[in-house]
Amino acid sequence: MTDEIIRVEHLIIAFGSFKAVNDISFTVRRGEIFGFLGANGAGKTTTIRTLCGILNPTSGTVLVNGQDVTQNTAVLKPHIGYMSQKFTLYPDLSVRENLEFAGSLYNMTKQAIRRRTEELFDFIGLHHIPKGPARSLSGGVKQMIALAAAILHDPELIFLDEPTAGTSPQTRRAFWDLISRLACEGKTVFVTTHYMDEAENCARIVLMERGKILALDSPQGLKKRYFPTGPLALTFLKPQQMRVEKEIQNLGLGQAAVFGEGLRVAVRDAEGFARFAAQNQDVFTYKETPATLEDVFLKAVSGAGGEA
């Protein structure tokens with residue numbers, strides 16, 4: 001069995017003249033947490049729907065578990081679990097009824113559905129099955145139930161499309177604990193997100209912008225690639241933050257962003273910045289700081305000609 005569970009080569013997904021996904025290629029290894037990181041409209045959801053066989057590619061090759069998704073969707077279905085951005089359960093049905101319906105789509109027996117439901121509720125940390133219609137559940141519980149429905153048939157490949165969007169920090173943390181546990185059980189998890197801190201949990205990350213891949217590597221690999229010496233944190237001695245920010249941008253010295261009462265600068269021209277800092281030594285001090293994925297994403301987008 002190959003180590004690859006997904007292979008994408010030169011994928012293009014177009015709607016008329018608009019290319020939502022524009023010639024991207026990547027592979028996903030079995031058992032890893034693989035992340036697509038990008039702003040809304042970057043092409044993340046379009047890609048994930050194509051990998052699930054929901055959308056047909058305009059051109060390119062898409063293999064999932066060795067199968068062409070345009071030809072073998074029925075064969076792939078039992079191996080894939082998909083949780084979309086929107087709450088996918090029926091709001092008027094109870095949780096148990098929703099899970100029974102989800103299981104029936106995979107020809108699971110009622111006995112198998114009941115047994116698997118109990119296993120999953122223990123796995124996700126819910127000690128009882130909520131009663132009443134699904135619409136009455138809190139946002140965090142809805143997401144947990146939606147995950148349970150997506151993995152009820154015990155798939156080896158799980159697609160999660162921005163699973164924590166709009167949830168509380170506590171729910172986000174709990175959800176990523178579950179994702180890590182799924183990976184520890186040997187599942188492959190393909191997750192899209194626009195939360196930079198969440199992407200730190202992925203083994204490898206694709207940075208997406210306007211349908212294109214800007215970079216693909218581990219979180220640490222991306223940081224080393226874009227910040228071999230780290231970004232700079234500026235602390236101001238005089239209230240001239242806005243003026244300094246504009247001058248850094250206008251002089252092409254780097255990408256500056258507000259960070260608390262100071263600035264965080266991804267330096268492009270080290271010598272030029274050193275001269276600028278010397279001229280403004282009575283205005284600000286600076287020091288090197290560890291890079292974050294937000295720093296990486298801003299620099300990558302800026303380098304690709306986008307607006308950061």
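**Warm-up.** Which residue forms a salt bridge with Glu 9, and how far apart are the closest N and O atoms?

*Solution.* Start with the term: a salt bridge is a side-chain nitrogen of Lys or Arg within 4 Å of a carboxyl oxygen of Asp or Glu. The partner of Glu 9 is Arg 7, with the closest N and O atoms 3.1 Å apart.

Before we go on, note that this is a predicted model: local features need pLDDT of at least 70, side-chain atom pairs count only at pLDDT 80 or more, and totals for chains, interfaces and linings use all residues. Residues are numbered from 1 along each chain as its sequence is written, and side-chain values use heavy atoms, leaving out hydrogens and water.

**Exercise 1.** Find out whether Glu 9 and Arg 7 are buried, partly exposed or exposed.

*Solution.* Step one is the scale: buried means under 20% relative accessible area, exposed over 50%, and partly exposed in between (1.4 Å probe, protein chains only). Step two is to place the residues: Glu 9 has 31% and Arg 7 has 30%. Glu 9 is therefore partly exposed, and Arg 7 is partly exposed too.

**Exercise 2.** Work out which parts of the chain are tied together by the salt bridge of Glu 162.

*Solution.* First, find the partner: Glu 162 pairs with Lys 44, and their closest N and O atoms are 3.2 Å apart. Next, place both residues, recalling that helices (H or I, at least four residues) and strands (E, at least two) are DSSP runs, numbered from the N terminus. Glu 162 lies in the loop between β7 and α6 and Lys 44 in helix α1 (residues 44-51), so the pair ties together parts that are 118 residues apart in sequence. Finally, check accessibility: Glu 162 is buried at 7%, and Lys 44 is buried at 3%.

**Exercise 3.** Do the same for Arg 172.

*Solution.* Arg 172 forms a salt bridge with Glu 198, with 3.0 Å between the closest N and O atoms. Arg 172 belongs to helix α6 and Glu 198 to helix α7 (residues 196-199), so this pair ties together parts 26 residues apart in sequence. Arg 172 counts as buried at 15%, and so does Glu 198 at 3%. The whole structure holds 16 salt bridges.

**Exercise 4.** Check the length of helix α5 and describe its surroundings.

*Solution.* The expected span of a helix is 1.5 Å times one less than its number of residues. For the 12 residues of α5 (residues 139-150) that gives 16 Å, and the end C-alpha atoms are 17 Å apart, which agrees. Now the surroundings: nine of the 12 residues are buried, so α5 is largely enclosed by the rest of the structure. Among the buried ones are Gly 140, Gln 143 and Met 144. The buried residues of α5 pack against β6 (80-83), α3 (95-104), α4 (110-124), β7 (157-161) and α6 (169-184), where contact means heavy atoms within 4.5 Å.

**Exercise 5.** Compare the backbone angle phi of Asn 107 and Arg 210, and say where each residue sits.

*Solution.* Asn 107 is not a glycine, yet its phi is positive, near 60°. Asn 107 sits in the loop between α3 and α4 and is exposed, at 71% relative accessible area. Arg 210, also a non-glycine residue, has a positive phi of about 55°. Its place is the loop between β9 (204-209) and β10 (212-217), and at 54% Arg 210 counts as exposed.
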